[in-house]
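Grab a pencil and get ready to work through a few exercises. Try each task on your own before you read its solution.

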Amino acid sequence: MSNRVSIDPLRVIAPIDPNLFGGFAEHLGRCIYGGIYEPGSPMADADGVRTDVLAALRRLRISVVRYPGGNFVSGYRWRDGVGPEEERKARMELAWHDVEPNTFGTNEFVAFCRKLGAEPYLAVNAGDGDMREARDWVEYCNGTKDTALVKLRKRHGFEAPHVVRYWGIGNEVDGPWQIGFKTPEEYARTYTEFAKVMKWTDPSIELLAAGVSLWDRHWVERVQLLMEHAPTLIDYMAIHWYVGNSRERGYRDDDFASYMAISEKLEDMLSGTRGILRAMRSALKLERDIPIAVDEWNVWYRVFNEGKLEETYDLADALVVAMHFNAFFRHAASVKMANIAQIVNVIAPIMTTPEGLVLQATFHPFELYASTAGDTALDVFWDGATFSTPEFDALRVLDVSATVDRARKQLAVYLVNRSLEETQSTTIELQRGHFADAGELHVINGPHVEAANTFETPHEVGVRTQSVSAGGRTLTLDLEPHSVTALVIGVA
Ligand code: AHR
């Protein structure tokens with residue numbers, strides 16, 4: 001059966017926020033130490049930042065980085081990580097049961113973000129920390145008045161304020177694994193009080209509420225209570241999820257079809273969150289929509305590897321990462337930030353050794369979407385071949401999204417072929433205007449869905465680019481089995 005994709009460049013969903021290409025870096029395993037930061041390494045710059053990692057992250061166009069956790073932040077004291085290195089204290093760390101040397105902290109992180117060209121996003125400790133500590137951190141980073149905390153920052157070598165715009169209050173407070181787990185009511189109250197003093201300290205900051213990570217029967221109540229308690233203090237409702245090709249954590253199934261149906265779960269979580277936020281906007285007569293930040297998302301199999309959380313990703317995982325961006329684009333009206341968790345070594349698209357790095361299979365869809373997406377998401381119609389799983393009937397084999405770059409009049413159409421064996425003949429029809437004479441096709445694929453990039457086999461999964469002739473209103477492509485294709489082409 002052939003497939004049909006219909007696109008009207010004027011059928012717009014919403015602008016695409018560059019913060020959809022965000023990341024997350026936690027003091028966990030080798031994300032910071034040995035990942036981002038490795039003083040003494042031949043690849044490190046004068047500040048100890050790994051330049052090869054920086055270059056790979058630049059390829060991903062990481063726009064915003066959340067830090068320092070994660071579960072880690074719920075026991076973190078930011079003061080431990082500032083000031084002269086010799087005075088910094090190593091601490092027992094209870095989230096991941098490690099020792100935190102604190103040689104990398106706020107100032108090193110902000111400097112790293114500025115080198116990367118990304119906005120820093122700090123999460124404050126709402127686990128065993130208090131609102132005084134949170135508000136002091138805002139003042140230390142952003143303060144401009146002649147106060148003790150501003151003088152402290154200046155003494156630490158940072159005369160100008162860091163102007164940290166994004167601040168999250170707590171992390172996964174809905175999970176019993178969290179230091180300082182909170183009931184929906186407890187967190188709604190905590191959020192409100194933290195948010196008040198943080199905004200009073202610097203009214204220009206934008207705050208993210210730690211909405212949902214557990215997706216248990218209380219999740220709707222959590223979002224509802226937050227909205228009722230702090231409707232004017234929430235700038236983003238943050239949600240988290242991790243997915244994998246497994247019914248149970250920690251091992252991979254070979255049920256490729258069920259894994260590919262993960263798109264339905266992403267839709268449920270995004271449209272569910274969007275729905276409750278809209279309902280609360282209407283109920284509370286709010287003037288603005290509260291956007292969603294998916295500030296931790298990824299594929300994760302819980303390979304703990306001595307507490308390092310290091311995963312090897314395969315082509316199937318890369319298709320799932322591509323489907324995430326399709327979902328974010330289709331929900332561009334409400335999703336305004338998304339942070340892959342994490343950026344280096346820990347559940348990450350980039351893996352380092354002291355000698356170099358490898359780009360995992362999941363690196364390639366992230367880079368492809370980040371480098372080709374236009375500024376506006378389009379509402380695409382598509383139909384064609386279907387597949388079924390024990391859970392779902394008649395899902396479309398293709399998973400699709402599209403964007404347009406309005407200034408360059410350039411269309412980008414993203415097509416994930418979720419068939420294990422079949423090439424999908426697909427006609428892309430432009431309902432208004434016509435295609436330029438030629439465009440580019442970028443295809444991510446590998447020899448089979450378990451193909452993975454490792455230090456021994458770094459190029460199993462990669463991107464091929466070729467030109468494609470067009471000109472009229474339709475264009476027919478043969479989409480390879482288990483592949484991601486991006487068609488990038490001008491429209492007139
Ligand atoms: O990213 C790893 C962990 O996953 C984070 O610390 C936590 O927030 C989530 O459970």
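Here come five exercises, each with a step-by-step solution.

This is a predicted model, in which local features need pLDDT of at least 70, side-chain atom pairs count only at pLDDT 80 or more, and totals for chains, interfaces and linings use all residues. Residues are numbered from 1 along each chain as its sequence is written, and side-chain values use heavy atoms, with hydrogens and water left out.

**Exercise 1: a helix and its surroundings**

Task: Find which residues of helix 2 are buried, and say what covers them.

Solution:
- Step 1. Get the terms straight. Helices (H or I, at least four residues) and strands (E, at least two) are DSSP runs, numbered from the N terminus. Buried means under 20% relative accessible area, exposed over 50%, and partly exposed in between, with a 1.4 Å probe and protein chains only.
- Step 2. Go along residues 106-116: 8 of the 11 residues in helix 2 are buried. They are Thr-106, Asn-107, Glu-108, Phe-109, Val-110, Phe-112, Cys-113 and Leu-116.
- Step 3. Look around them. The cover includes helix 1 (51-59), strand 4 (64-67), strand 7 (119-124) and helix 3 (131-142).
- Step 4. Step just past the end of helix 2, and you meet Gly-117 with a positive phi of about 85 degrees.

**Exercise 2: two sheets**

Task: Work out the strand order of the open sheet and of the closed barrel.

Solution:
- Step 1. Know the rule: two strands pair if DSSP finds at least two bridges between them.
- Step 2. The open sheet has 4 strands in the order 16-1-21-24, with mixed pairing. Strand 16 (381-383) and strand 24 (474-479) each have a single partner strand, so one side of each is left without a neighbour in the sheet.
- Step 3. Zoom in on one pair. Strand 21 (residues 424-430) and strand 24 run antiparallel, joined by 6 bridges, and Gln-424 stands opposite Leu-479.
- Step 4. Now the barrel: its 8 strands run 3-4-7-8-9-10-11-12, with parallel pairing. Neighbouring strands here are turned by 30 degrees against each other on average, direction ignored. (Axes are lines fitted to C-alpha atoms, for helices over the stretch in contact, and angles run from 0 to 180 degrees between N-to-C directions.)
- Step 5. Strand 4 and strand 7 are a parallel pair with 4 bridges, in which Val-64 stands opposite Glu-119 of strand 7.

**Exercise 3: two packed helices**

Task: Describe how helix 8 and helix 9 pack.

Solution:
- Step 1. Two packed helices are described by the angle between their axes and the distance between the axes.
- Step 2. For helix 8 (residues 262-284) and helix 9 (residues 315-330), the angle is about 35 degrees and the axes are 10 Å apart.
- Step 3. Contact means heavy atoms within 4.5 Å. Helix 8 brings Ile-262, Ser-263, Leu-266, Glu-267 and Leu-270 to the contact, while helix 9 brings Val-320, Met-323, His-324, Ala-327, Phe-328 and Arg-330.

**Exercise 4: aromatic pairs**

Task: Sort two ring pairs by their geometry, one with Phe-109 and Phe-112, the other with Phe-325 and Phe-366.

Solution:
- Step 1. Rings of Phe, Tyr and Trp (its six-membered ring) pair if their centres lie within 6.5 Å; planes under 30 degrees apart count as stacked, over 60 as edge-to-face and the rest as tilted.
- Step 2. The whole structure has 27 aromatic pairs. In Phe-109 and Phe-112, the centres are 6.5 Å apart and the planes stand at 40 degrees, so the pair is tilted. These two are 3 residues apart in helix 2, about one helical turn, and both are buried.
- Step 3. For Phe-325 and Phe-366, the centres are 5.1 Å apart and the planes stand at 85 degrees, so this pair is edge-to-face. Phe-325 sits in helix 9 and Phe-366 in helix 10 (residues 363-372), 41 residues apart.
- Step 4. Both Phe-325 and Phe-366 are buried, and they belong to an aromatic cluster that also includes Trp-241 and Tyr-414.

**Exercise 5: unusual backbone spots**

Task: Track down cis peptide bonds and positive phi values outside glycine.

Solution:
- Step 1. Most residues other than glycine have a negative phi, and most peptide bonds are trans.
- Step 2. The bond from Tyr-67 to Pro-68 is cis, with omega near 5 degrees. The bond from Gly-69 to Gly-70 is cis too, with omega near 10 degrees. Pro-68 lies in the loop between strand 4 and strand 5 (91-93), and Gly-70 lies in the loop between strand 4 and strand 5.
- Step 3. Asn-102 has a phi near 65 degrees and lies in the loop between strand 6 (98-100) and helix 2. Its relative accessibility is 1%, so Asn-102 counts as buried.
- Step 4. Leu-309 has a positive phi of about 55 degrees and lies in the loop between strand 11 (292-299) and helix 9.
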